[in-house]
Amino acid sequence: MYTLERELFFSGRGVHSGQETRLRLKPSTTGSILLQPHLSPITPVLLTACEFEAHGGTVLKTNNFVLRTVEHLLASLICLRIGSLEILWEGEEVPILDGSAAPFVEELEKARRPLEQKMPLLKIIKPLEIKDGQAWVRAEPAETWEISYEIEFNHPVIARQALTLEISEETFKQAIAPARTFGFLQDVENLRRMGLAHGSSWENTVVLGEREIINPPLRFPDEFVRHKILDFIGDLALLGCYLQGRFSAFRAGHQLHQQLVRLIRDNKNCWILKDNFV
Ligand SMILES: [Zn+2]
């Protein structure tokens with residue numbers, strides 16, 4: 001696995017809070033991802049020890065702190081196999097940057113440094129599934145790490161999109177990381193009443209009007225399903241391991257992704273851990 005050869009900083013607006021936030025990634029040789037708010041006296045907390053919830057995006061929580069919208073950062077770290085660092089921040093949210101994971105990947109790739117230590121691999125050996133109405137998520141055994149995602153929206157630009165992909169550093173960088181957050185113009189008022197989307201703008205979100213994209217062009221014709229895969233990887237990264245298995249989702253979101261993470265975590269007979277992977 002990798003750590004960083006130097007500190008990295010990211011700053012900008014949080015997509016939900018609308019506040020300016022600052023993120024500092026610090027090299028470490030502990031072989032784990034630790035979190036600590038900037039200038040806080042608390043002991044750094046392991047990523048895998050944090051509570052998490054879905055509220056607009058992926059929220060990490062402990063008794064002492066909250067960090068919102070971690071999914072694009074966590075997806076980048078797991079896919080680049082950067083598993084040894086400290087995450088510090090000011091403000092309570094990871095900056096949204098351009099709405100994708102590409103700015104994280106670009107900086108992380110330039111700054112990473114290999115460690116002797118290997119990253120653990122969680123290999124699915126028995127299928128697990130959760131349904132919620134028509135939506136479902138599933139994990140099954142497979143030879144590699146594969147993600148299959150299908151979405152359906154009653155909107156002419158999105159309609160039905162499906163994509164199956166083997167996840168590797170290359171496929172993540174090329175096909176997934178550049179896909180941006182999207183949202184419907186008609187939902188903005190409601191979202192803002194719920195404390196969400198206060199920082200969303202045409203610069204960080206693909207905005208859909210009633211029948212069209214308000215701020216074209218798209219980066220991929222199926223950018224929407226690609227972004228859903230990015231979010232899914234970001235939630236699966238909460239397991240703190242590289243993965244082997246086929247992870248599929250139909251019309252899902254952070255809530256269901258996270259239920260699958262909990263189901264995997266709680267069903268230790270459905271996976272094995274290889275301690276010495278990459
Ligand atoms: Zn996202």
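For the linings described in these legends, Ala, Val, Leu, Ile, Met, Phe, Trp, Tyr, Cys and Pro count as nonpolar, Asp, Glu, Lys and Arg as charged, and the others, Gly among them, as polar. The structure shown is a predicted model.

**View 1. A cavity with no charged residues in its lining.** The structure holds one cavity of 30 Å³ or more, and the space inside the largest cavity comes to about 30 Å³. Look for Thr 69, Val 70, His 72, Leu 73, Val 94, Pro 95, Ile 96 and Phe 104, the residues that line this cavity. Sorted by class, six of the lining residues are nonpolar and two are polar. Two members of the lining, Thr 69 and His 72, come back in later views.

**View 2. The zinc ion and its protein donors.** Three residues reach the zinc ion here: His 72 and His 227, each through NE2, and Asp 231 through OD. These donors lie 2.1 Å from the zinc ion. Along the sequence, the donor residues follow the spacing H-x154-H-x3-D. The two histidines bring distant parts of the chain together, with His 72 in helix α1 (residues 71–79) and His 227 in helix α5 (residues 223–236), 155 residues apart. Are these two histidines buried or exposed? Both His 72 and His 227 are buried.

**View 3. Helix α5, enclosed by its surroundings.** This close-up follows the helix that carries His 227. Helix α5 has 14 residues and spans 20 Å from its first C-alpha to its last. That reach is close to the 20 Å expected at 1.5 Å a residue. Why is α5 described as largely enclosed by the rest of the structure? The reason is that 14 of the 14 residues of α5 are buried, and a residue counts as buried when its relative accessible area is under 20%.

**View 4. Lys 173 and its two carboxylate partners.** Here is a spot for anyone who enjoys charge pairs. Side chains of opposite charge can pair when their charged atoms come close. Lys 173 meets Glu 109 in a salt bridge, with 2.6 Å from N to O. This pair links distant parts of the chain: Glu 109 sits in helix α2 (residues 102–111) and Lys 173 in helix α3 (residues 169–176), 64 residues apart. Lys 173 also forms a salt bridge with Glu 170, where the closest N and O atoms are 3.1 Å apart. Lys 173 and Glu 170 share helix α3 and are three residues apart, about one turn of the helix. Lys 173 counts as buried because its relative accessibility is 16%. Its partners are partly exposed, Glu 109 with a relative accessible area of 32% and Glu 170 with 43%.

**View 5. The wider salt-bridge network.** Zooming out from Lys 173, salt bridges with shared partners join Arg 81, Glu 109, Arg 112, Glu 169, Glu 170 and Lys 173 into one network. How many salt bridges does the structure hold? The count is 18. One of the others to find is the pair Glu 5 and Arg 6, whose closest N and O atoms are 3.9 Å apart. Arg 6 counts as partly exposed, at 36% relative accessibility.

**View 6. The largest pocket and its lining.** The largest pocket has a volume of about 990 Å³. Of the 36 residues that line it, Gly 56, Thr 181, Phe 182, Gly 183 and Leu 191 are the closest to its centre. Several elements supply at least two lining residues each: α1, β14 (145–152), β16 (182–184), α4 (188–193), α5 and α6 (254–266). By class, the lining of this pocket has 15 nonpolar, 14 polar and seven charged residues.

**View 7. Backbone features in three loops.** Pro 216 and Pro 217 are joined by a cis peptide bond with omega of about 5 degrees. Pro 217 is found in the loop between β17 (206–208) and α5. Thr 69, from the loop between β8 (66–67) and α1, has a positive phi near 55 degrees while being a residue other than glycine. Ala 197 is not a glycine either, and its phi is positive, about 60 degrees. Its place is in the loop between α4 and β17. Thr 69 is buried, with a relative accessible area of 5%, and Ala 197 is buried with 6%.

Conventions. Residues are numbered from 1 along each chain as its sequence is written. This is a predicted model: local features need pLDDT of at least 70, side-chain atom pairs count only at pLDDT 80 or more; totals for chains, interfaces and linings use all residues. Side-chain values use heavy atoms; hydrogens and water are left out. Donors are N, O and S atoms within 2.8 Å of the metal (3.2 Å for Na, K and Ca); water is not among the atoms, so sites may look incomplete. Helices (H or I, at least four residues) and strands (E, at least two) are DSSP runs, numbered from the N terminus. Buried means under 20% relative accessible area, exposed over 50%, partly exposed in between (1.4 Å probe, protein chains only). The expected span of a helix is 1.5 Å times one less than its number of residues. A salt bridge is a side-chain nitrogen of Lys or Arg within 4 Å of a carboxyl oxygen of Asp or Glu. On a 1 Å grid over the protein atoms alone, a cavity is a set of points where a 1.4 Å probe fits but cannot get out, and a pocket is an open set with protein on both sides within 12 Å along at least five of seven lines; lining residues have an atom within 4 Å of a point. Grid points are joined across faces, edges and corners, and a volume is the space filled by probe spheres set on the points.
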